[in-house]
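Open the model in your viewer and keep the selection panel at hand. The tour below moves from one selection to the next.

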Amino acid sequence: DKRGSIMMRGKTMNMNVILFAILICESVSISKSATPSFKDNAADFIEASFKKTTRRGVEKEDFTKIQIEARPLLMVQDVSSIDKTQDFQVEIRSGDGDWKLVTSTPSIRGGVYKWTESNIEPCANHNVRILVQGQDESQS
């Protein structure tokens, strides 16, 4: 009798473990298929400015180059929703013009991605946006 009750508890325990494993697998697949969404404070993790150079102790701004620094992994609600095999993309719009993709490869250091775009119109307003690829092939 005792063996029967122990076996029954073992079967129940195995069923609970299997059910728990299934729930974890489903939640992982749901989060991986989610479309990435940005946090409300995502703008705090990106900065764009004219490129600065220092020569002989004098700092100058190069008004023909924009430098963009971003921490995209801190910008999104759920990091697991991002397809990390795809590069992050940055686009710049000068004035009322069209969005143009920044084609330079970013340097990455400590989770900070840095792009430099040349041939920028110096006396125009510039807008910058970052695009992330989702696990479900969506883009935000």
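**Aromatic rings and a sheet**

Start by selecting F88 and Y113: both are buried (under 20% relative accessible area, with exposed over 50% and partly exposed in between, for a 1.4 Å probe and protein chains only). The model is predicted, so local features need pLDDT of at least 70 and side-chain atom pairs pLDDT 80 or more, while totals for chains, interfaces and linings use all residues. Residues are numbered from 1 along each chain as its sequence is written, and side-chain values use heavy atoms, without hydrogens and water.

Add W115, which forms one aromatic cluster with F88 and Y113. Rings of Phe, Tyr and Trp (its six-membered ring) pair if their centres lie within 6.5 Å; planes under 30 degrees apart are stacked, over 60 edge-to-face, the rest tilted.

Across the whole structure there are three aromatic pairs. For one of them, select F50 and F63: the ring centres are 5.1 Å apart and the planes stand at 70°, so this pair is edge-to-face. F50 belongs to strand β1 and F63 to strand β2 (residues 58-70), 13 residues apart. Strands here are DSSP runs (E, at least two residues), numbered from the N terminus.

Now show the open sheet of four strands, ordered β1-β2-β6-β5 with antiparallel pairing; two strands pair if DSSP finds at least two bridges between them. Its edge strands are β1 (46-55) and β5 (107-109). Three bridges join β5 to β6 (residues 112-117). Select S107 to find K114 of β6 opposite.
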